[in-house]
Amino acid sequence: MPMFCSHYTLDDLAKLSQRDDLGDDTPILRATSDARHGAGEYDAICVPLTNDRWKARWRELCILSPNEEQVKLAEIEQRAEAWRSKPAFFRDEVTISRLDEAEGVIPLISDWLELDASDEWVRHDAEIALQQELAFASYLNAQTVILPPPSNRTQVGSYARAINACLNSIAFMEFSVRVPIYDAVTVMQVPSRSPSPAPSPVEPASRFSPASADAGGSPPESNMTTWDMWDTIRTICGYNPRLTLTLDLTPPLPLSSTVLNQWLAEPVRYLWIPATTFIANAKGYPVLPKGTQSFIRDIMKLQPNVILSGTKCKKHARGGEVAYTQYVRHLEKTSPHVKAVNTAGTVENFAQGYQDYLQAPLQPLMDNLQSITYQTFEQDPVKYRNYEEAIYLALKDRQHVERITICVAGAGRGPLVARALKAIDRAKSHAFVYAVEKNPNAYVTLQERHRTEWGDEKVRLLYGDMRSLDVPEKVDILVSELLGSFGDNELSPECLDGAMRFLKPEGISIPASYTAYIAPISSSKLYNETRANKDAKSSETPYVVMLHAINILSDNGPGISGTCGPRVQECWEFEHPRKDAALTEQGLPLTNSHNVRSAKLTFHIPHAGVLHGFGGYFEAVLYGNVGISIHPERMALISKDMLSWFPLFIPLKDPLYLPADAELTVSLWRLTDARKVWYEWYAEAFLPVPASSVSSPIWKDAMSPLSTSPDSSFSFLSPKPSTPTVLMSPLLDVPHLTLEVPGSVSAMPDRQQDGVSLVKISQTALHNPGGRSSWIGL
């Protein structure tokens, strides 16, 4: 449940101080009491740490006027230097002075501190004042403070450096940077990708002027979005886990939900919602615009706390202050994620406590699973329902067979055996089941179930490794549940290579095939989790994760070049039984080289973002039109609320910034030797630019993916078989494009387009070469 906070301004506190019924209470204590016990039922209050007296003293010391007399200036400078050497408050400059006052209070750092001022002396003194305020908040045992928003895009690096210095000097306290969710003015400006003229020389900034003064000839305003500013701040601060976001919903929200999705992958600790954001409904009660409603419902999955500001000003005719809290609480309760968490049988309900928690994938051939692990998987009704339906359909298609034999390879504690027997009863077939299991401990449970439930007439148990074990007779149907989060990452292909010996020539496998998919994702939480382990191997290890605070960076557009594939792309597929097997006399493959795979995929990145890794998914065809899937766009249609598999997270060592309309090329390999299987991965980022701006013949003719090639089916970025092209072009719907592209991208022959070249802007290292950090043992 989110915490609700009421924002008290200095004017609100001044009005409280004039009340006759204060008694022994201070204005802060009375504000806290009113908030907690009033109609709004707030959990805490949010108040400025300092007042206007402190602002006046700081400005007197640090903002000098050139018109002052020299003697006066020298005297002010002397006092300023004394303050800089030993910063301290006077009692009447702070709103809180006692420990009991600070309980239940979130302090606001002075919003007039310009850490990103154009004047370097103002920045210098603002940083000293910031450190002074943070030290006082720490003295009061404040757990969190809210920092003022950056306002000068050209000096956001200075702002971030000052915050980083404070993070390093003040331990334990959490710093939450207040950032507007959106800047409509910035987005309405169309950023140009052509070279900009050099700015004219400017005079050095003078300390003898207000920080907000407009110095003639200053650099043009940056087109950096508010998310870009946040990304700069947290990157300079080294993704410090004590640095969080207070997302200010004062600005109007954009129409594109994909822009808003950037914030779903960030550490949003507070939502700042002023009363002015609300509009009056037909009855005069405050409600939020539909776009804001939708965003709040979506971001409630991160469980941010809510700060309501200005609700005591009676801006709406009806409802009073309580109407604002009731309305936002209603949005929280009707959030799709919150409803799913509270509904038994959903993935969200099952996975509580596991969101964004890194788990090492299973090593099923090297390790014997514990009974509790089997029990967790067996709680999934959807998977076993689909398996039973697949076996049932396969049996119905074989009604002409007098006696059908089924082998369950990797029987575990027997759930698939039980489902196979149910399918046999439903199909009214004459069938027999062999159950193969190599885990000696699980085999004990199988023997118990065989004695008490199944009997010799229906089931025979076989103990051993399916890759070397012999079954008494060839079987018609081979059933297995050896799939991992990426389909093949728990060695299902290698295991079933050995088990295919069990099948008759016309026999079938359930599953018949499975396909691996990936999507580029951003998640500051997962990046911090992977690097929390100081071992370098942790950033080259794929993890099983219930992906939660993430943003898929790609979309379904073909990109400006027309070479990009869908939002989530197919890597490779495995089919069973194999049609092209080269086998020994015992029916086993000579080597494992046939299970090597590779993919080169290209994604369109419509909005700026930071790549932290890839989400790995799978989809399997069990039999006919029955399947199982964790594909993020198809799971709800194929196997809704299936619990057995969380996605795979394939991390990057270092974040990779991707500007809007970048094209990301991902290379992924599944490799093997005699002892193990492992994955390697690598990514490159390209930016479409007008061909006329790429003057180098190397780029234009040899390196450009759009250059003419003798093999018209080949693209430097992505071989044609790897990345299917989406036919529909969304170019007309993207407001920030600056490249004029004649005609439809999909109509361009040989995937080439006049006037556009792709310039490489960044790349990652090759991850996990030779399986040095992570592998699955054979």
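**Figure 1. Network of salt bridges among Arg 19, Asp 21, Asp 25, Arg 30 and Asp 34 in the predicted model.** In this predicted model, salt bridges link Arg 19, Asp 21, Asp 25, Arg 30 and Asp 34 into a network. Across the whole structure, a search returns 36 salt bridges. Further examples are given in the legends that follow.

**Figure 2. Salt bridge between Glu 174 and Arg 269.** The closest N and O atoms of Glu 174 and Arg 269 are 2.6 Å apart. Glu 174 belongs to strand E5 (residues 174-180) and Arg 269 to strand E7 (residues 268-274), so the salt bridge ties together parts separated by 95 residues in sequence. Glu 174 has a relative accessibility of 11% and counts as buried, because the cut-off for that class is under 20%. Arg 269, with a relative accessible area of 32%, is partly exposed.

**Figure 3. Lys 383 with its salt-bridge partner Glu 481 and the ring of Trp 645.** The side chains of Lys 383 and Glu 481 form a salt bridge with an N to O distance of 2.9 Å. Lys 383 is found in helix H16 (residues 381-396), while Glu 481 is in the loop between strand E14 (475-480) and helix H19 (492-499); the pair therefore ties together parts that are 98 residues apart in sequence. Lys 383 and Glu 481 are both buried. Lys 383 also lies over the face of Trp 645, at a distance of 5.1 Å from the ring centre. This view thus shows Lys 383 both in a salt bridge with Glu 481 and over the ring of Trp 645.

**Figure 4. Salt bridge between Glu 540 and Lys 653.** Here the closest N and O atoms are 3.3 Å apart. The two residues come from distant parts of the chain, 113 residues apart: Glu 540 is in the loop between helix H20 (524-532) and strand E17 (543-544), and Lys 653 is in strand E23 (residues 648-658). Glu 540 is buried at 2% relative accessibility. Lys 653 has a relative accessible area of 27% and is partly exposed.

**Figure 5. Edge-to-face pair of Phe 89 and Phe 136, and the cluster that includes both rings.** The structure has 18 aromatic pairs. In the pair shown, the ring centres of Phe 89 and Phe 136 are 5.6 Å apart and the planes are at 70 degrees, so the geometry is edge-to-face. Phe 89 sits in the loop between helix H4 (70-85) and helix H5 (99-102), and Phe 136 sits in helix H6 (residues 120-139), so parts 47 residues apart in sequence are tied together by the pair. Both rings belong to buried residues: Phe 89 has a relative accessibility of 19%, and Phe 136 has 16%. Ring pairs join Phe 89 and Phe 136 with Trp 54, Trp 58, Trp 83, Trp 112 and Tyr 139 in a cluster.

**Figure 6. Edge-to-face pair of Phe 486 and Tyr 679.** Phe 486 and Tyr 679 form an aromatic pair with 5.7 Å from centre to centre and 75 degrees between the planes, which is edge-to-face. Phe 486 is in the loop between E14 and H19 and Tyr 679 is in strand E25 (residues 676-690); the pair links distant parts of the chain, 193 residues apart. Phe 486 and Tyr 679 are both buried.

**Figure 7. Arg 597 over the ring of Phe 574.** The charged end of Arg 597 sits over the Phe 574 ring, 4.0 Å from the ring centre.

**Figure 8. Surroundings of Lys 312.** Lys 312 is placed in the loop between strand E10 (305-309) and helix H12 (320-333). Its relative accessible area of 27% makes Lys 312 partly exposed. Apart from neighbours within four places in sequence, Lys 312 contacts Ser 6, His 7, Tyr 8, Asp 12 and Glu 321. With Ser 6, the contact is polar between the two side chains, at 3.1 Å. Lys 312 and Ser 6 are 306 residues apart along the chain, and their C-alpha atoms are separated by 9.3 Å.

**Figure 9. Cys 62 and Cys 407 in a structure with zero disulfides.** The structure holds zero disulfides. Cys 62 is buried, at 1% relative accessibility. Cys 407 is also buried, with a relative accessible area of 0%.

Definitions and conventions:
Residues are numbered from 1 along each chain as its sequence is written. This is a predicted model: local features need pLDDT of at least 70, side-chain atom pairs count only at pLDDT 80 or more; totals for chains, interfaces and linings use all residues. Side-chain values use heavy atoms; hydrogens and water are left out. A salt bridge is a side-chain nitrogen of Lys or Arg within 4 Å of a carboxyl oxygen of Asp or Glu. Helices (H or I, at least four residues) and strands (E, at least two) are DSSP runs, numbered from the N terminus. Buried means under 20% relative accessible area, exposed over 50%, partly exposed in between (1.4 Å probe, protein chains only). Rings of Phe, Tyr and Trp (its six-membered ring) pair if their centres lie within 6.5 Å; planes under 30 degrees apart count as stacked, over 60 as edge-to-face and the rest as tilted. A charge sits over a ring if NZ of Lys or CZ of Arg is within 6 Å of the ring centre and within 35 degrees of the ring normal. Contact means heavy atoms within 4.5 Å. A polar contact is a pair of N or O atoms within 3.5 Å; within protein, one must be able to donate a hydrogen and the other to accept it, and residues adjacent in sequence count only if both atoms are side-chain atoms. A disulfide is a pair of cysteine sulfur atoms within 2.5 Å.
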